[in-house]
Amino acid sequence: MTAPEAGTARPGQAPASPELLRSVFRRHAAGVAVITAYGAGPVGFTATSLTSVAAEPPMVSFGVSATSSSWPVLADAEHIGVHVLGEHQRELAARFARSGADRFGPPTSWSRGPQGVPLLDGVLAWLVCRVEARVPAGDHRIVLARVVTGDPTGAGRPLLYHQGSFHALGPARD
């Protein structure tokens, strides 16, 4: 078999567009996190773009829409909370993804944690991070944050996002 000629179109190939990007990433399973911060009150949103950036120093990143209702607070926040959600938290993930929802009202259980960051109860793991940089990226901003403290000891299995909805992992295999 020979390699195709450079620039040769492939079946299903489409030009770059927002819909192409969405279609490709619907096929990419991602963990689900909630990012929180505190301004005049608590703010937060569901993120599937959480990434471990570096181990030394420990850093993470995530993307946030510049039109998000949380962005004005995140744009000025010194510290943020990162919460890894469990498969038992589909409704929490949906609430923090829903525009106009009262994200911190009942039944959401939370408290102010280190650096005043809102911390959600019952998550698999959480981090409090100091924001190091905010990088413009099209209609989003990439936030780079250095880990200050956290807790990885929550019980359960991770919640995943795939094909536009939340999912649990399949049965555990030995």
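Is R146 buried, partly exposed or exposed? R146 is partly exposed, with a relative accessible area of 29%; here buried means under 20%, exposed means over 50%, and partly exposed lies in between, using a 1.4 Å probe and protein chains only.

This is a predicted model, in which local features need pLDDT of at least 70 and side-chain atom pairs count only at pLDDT 80 or more, while totals for chains, interfaces and linings use all residues. Residues are numbered from 1 along each chain as its sequence is written, and side-chain values use heavy atoms, with hydrogens and water left out.

**View 1. Strand β9 pairs with β6 and with β10.**
Let's begin with the strands. Helices (H or I, at least four residues) and strands (E, at least two) are DSSP runs numbered from the N terminus, and two strands pair if DSSP finds at least two bridges between them. Strand β9 covers residues 125-137 and pairs with β6 (residues 79-84) in the antiparallel sense, over 6 bridges. Look for I80, which stands opposite C129 in β9. With β10 (residues 140-151), β9 also pairs in the antiparallel sense, this time over 11 bridges. Here P136 faces R141 of β10 as its opposite residue. The hairpin of β9 and β10 has 2 residues between the strands, and G138 takes a positive phi near 60 degrees there.

**View 2. Salt bridges link β9 side chains and reach β10.**
A salt bridge is a side-chain nitrogen of Lys or Arg within 4 Å of a carboxyl oxygen of Asp or Glu, and the structure holds 6 of them. R130 and E132 meet in one, at 2.8 Å from N to O. E132 also meets R146 in a salt bridge, at 3.5 Å from N to O. This second pair links distant parts of the chain, with E132 in strand β9 and R146 in strand β10, 14 residues apart. R130 is partly exposed at 35% relative accessible area, and E132 is partly exposed at 36%.

**View 3. Helix α1 carries a network of salt bridges and a nonpolar patch.**
E19 and R22 both lie in helix α1, 3 residues apart, or about one turn of the helix. Their side chains meet in a salt bridge of 3.7 Å, N to O, and R26 joins them in a network of salt bridges. E19 is partly exposed at 40%, as is R22 at 47%. Now find L20, L21, V24 and F25, which form a nonpolar surface patch with about 360 Å² of accessible area together. Patches are made of residues with over 30% relative accessible area and no salt bridge, joining like charges within 9 Å and nonpolar side chains (Val, Leu, Ile, Met, Phe, Trp, Tyr) within 5 Å; the areas come from the Shrake-Rupley method with a 1.4 Å probe, and for residues only the protein chains shown count as cover. F25 belongs to helix α1 (residues 18-26) and is partly exposed at 49%.

**View 4. L74 is among the residues with the most contacts in the largest nonpolar core.**
A nonpolar core is a set of buried Ala, Val, Leu, Ile, Met, Phe, Trp, Tyr and Cys residues joined through side-chain atoms within 4.5 Å. The largest one has 18 residues, and I35, A37, F45, L74 and I80 have the most contacts inside it. At least two core residues come from each of β2, β3, β5, α2, β6, β9 and β10. Leaving aside residues up to four places away in sequence, L74 touches I35, A37, F45, V64, I80 and R134, where contact means heavy atoms within 4.5 Å. Apart from this core lies another, of 15 residues, including L92, F96, V117 and L159.
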